[in-house]
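Ready for some practice with a protein model? Take a look at the structure, then work through the exercises below at your own pace.

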Amino acid sequence: MSASIIDGKAYAAGLRARITDAVGDMAQQGATPGLAVVIVGEDPASQIYVKNKARQTVEVGMRSFEHVLPASTSEAELLSLVAGLNADPAVDGILVQLPLPRQIDAQKVIEAIDPAKDVDGFHPINAGKLMTGVPGLVSCTPLGCLLLIQSVQRDLAGLNAVVLGRSNIVGKPMAQLLIGQSCTVTVAHSKTRDLPEVCREADILVAAVGRPEMVRGDWIKRGAIVVDVGINRVPNPSSGEGKTRVVGDVAYAEASAVASAITPVPGGVGPMTIACLLRNTLEAACLRRSLPMPSLDVRLA
Ligand SMILES: NC(=O)C1=CN([C@@H]2O[C@H](COP(=O)(O)OP(=O)(O)OC[C@H]3O[C@@H](n4cnc5c(N)ncnc54)[C@H](OP(=O)(O)O)[C@@H]3O)[C@@H](O)[C@H]2O)C=CC1
Ligand SMILES: Nc1nc(=O)c2c([nH]1)NC[C@@H]1CN(c3ccc(C(=O)N[C@@H](CCC(=O)O)C(=O)O)cc3)C=[N+]21
């Protein structure tokens with residue numbers, strides 16, 4: 001069997017097209033949504049993501065406010081910028097790129113963002129709403145993963161899902177979303193015993209560990225849906241000295257021989273993360289203006 005490829009890039013483009021239409025309608029009423037992205041320090045990989053976010057924000061017709069701060073920025077300075085963005089009526093969504101430099105307590109910054117503008121869904125209020133089944137802003141990467149899984153299979157009730165990784169930004173909210181879909185969810189991590197055996201139980205396997213190609217073909221149940229969140233830069237000497245390429249947490253060729261459907265890296269979850277960020281910004285803008293959130297149902301042929 002050769003797995004079908006879940007085309008996250010195409011799905012994300014479809015989602016952005018629907019968002020563009022909705023933003024156009026809002027702009028006509030003088031209510032253009034705005035997204036502020038804050039980056040502290042010069043990590044080149046992070047800067048590429050921030051540039052991509054800003055470009056796509058403008059492409060869907062939203063206003064983009066980019067704040068690039070030096071690596072030496074103090075916690076107090078960042079908190080005061082966040083307070084200003086909370087108070088700015090042109091800003092509907094605020095994203096502070098993680099990780100932050102050592103002198104800044106990331107949790108403090110996350111908790112300083114107005115939960116109504118927390119388009120990352122990282123604030124404890126939004127994390128708690130997700131856990132208790134109350135509508136709120138949901139973390140973009142897990143939301144994107146769920147949309148991709150449901151593009152293959154709409155009804156997930158009763159399926160065994162294994163989430164590899166328990167971070168607050170991916171693993172935990174992913175598990176909550178899958179519980180919400182009535183999956184039987186196992187969350188595995190670095191202390192889990194016999195990881196391959198645990199993974200082999202999964203009808204749905206979401207890998208978010210940050211370990212290049214750790215998940216092998218023989219960890220995967222025949223016919224499983226595999227979602228690879230990992231973004232790992234590894235050396236790629238064949239394209240020149242010092243060159244790198246991006247691989248996921250799953251050994252893609254092996255896995256696609258066993259799975260029924262699989263997300264590629266790049267072109268899988270990554271583009272969905274950004275599309276869902278724009279979706280969340282639209283939702284935050286609608287909520288703040290007491291407008292209904294438009295349906296963005298995306299179906300690929
Ligand atoms: N595509 C996208 O849009 C996004 C991609 N990413 C990528 O996803 C990956 C995960 O990100 P994130 O959740 O932030 O990472 P974290 O480093 O915060 O969490 C990694 C998790 O994986 C677990 N883990 C690490 N090594 C192993 C191992 N050898 N065996 C089992 N479990 C292990 C850790 O366990 P423990 O808790 O025990 O330490 C932890 O729970 C990264 O590659 C990141 O770049 C992240 C965000 C968005
Ligand atoms: N506050 C905050 N929110 C985040 O959502 C957040 C963050 N901080 N810090 C970093 C991680 C990582 N992340 C990605 C987003 C898009 C791609 C993406 O678009 N990837 C493309 C290109 C990959 C490449 O070639 O480099 C793809 O997978 O096809 C990847 C990773 C968001 N993150």
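Helices are DSSP runs of H or I with at least four residues, numbered from the N terminus. Keep in mind that this model is predicted.

**Exercise 1.** Describe the surroundings of ligand 1, and find which helix gives the most to its shell.

*Solution.*
Step 1: Start with the residues around ligand 1; there are 22. Gly 165, Ser 167, Ser 190, Gly 210 and Thr 273 come nearest.
Step 2: Sort the shell by character. You should get 11 polar, 8 nonpolar and 3 charged residues.
Step 3: Look for the helix. Helix 10, which covers residues 269-288, gives the most, with 3 residues.

**Exercise 2.** Explore the largest nonpolar core and explain where it lies.

*Solution.*
Step 1: This core has 88 residues, and Ile 204, Leu 205, Val 206, Val 226 and Ala 259 touch the most other members.
Step 2: Its largest share comes from helix 10, with 10 residues.
Step 3: Both domain 1 (30-114) and domain 2 (140-271) give residues to this core, so it lies between them.
Step 4: Now zoom in on Leu 205. Leaving out residues up to four places away in sequence, Leu 205 touches Val 162, Cys 199, Ile 220, Ala 224 and Val 226.

**Exercise 3.** Decide how the radius of gyration of the protein chain fits that of a compact globule.

*Solution.*
Step 1: For 301 residues, a compact globule would have a radius of gyration near 19 Å.
Step 2: The protein chain has 19 Å, so the two agree.
Step 3: Add the burial: 43% of the 301 residues are buried.

Notes:
Residues numbered from 1 in each chain as written. Chains lettered and ligands numbered in written order. Predicted model: local features only at pLDDT ≥ 70, side-chain atom pairs only at ≥ 80, totals over all residues. Near = placed C-beta within 6 Å. Helix = DSSP H or I, 4+ residues; strand = E, 2+ residues; numbered from the N terminus. Nonpolar A, V, L, I, M, F, W, Y, C, P; charged D, E, K, R; others polar. Core = buried A, V, L, I, M, F, W, Y, C linked by C-beta atoms within 7 Å. Buried ≥ 20, exposed ≤ 12 C-beta atoms within 10 Å, placed from the backbone. Domains from an automatic or database assignment. Contact = placed C-beta atoms within 7 Å. Rg over C-alpha atoms; globule rule 2.2 N^0.38 Å.
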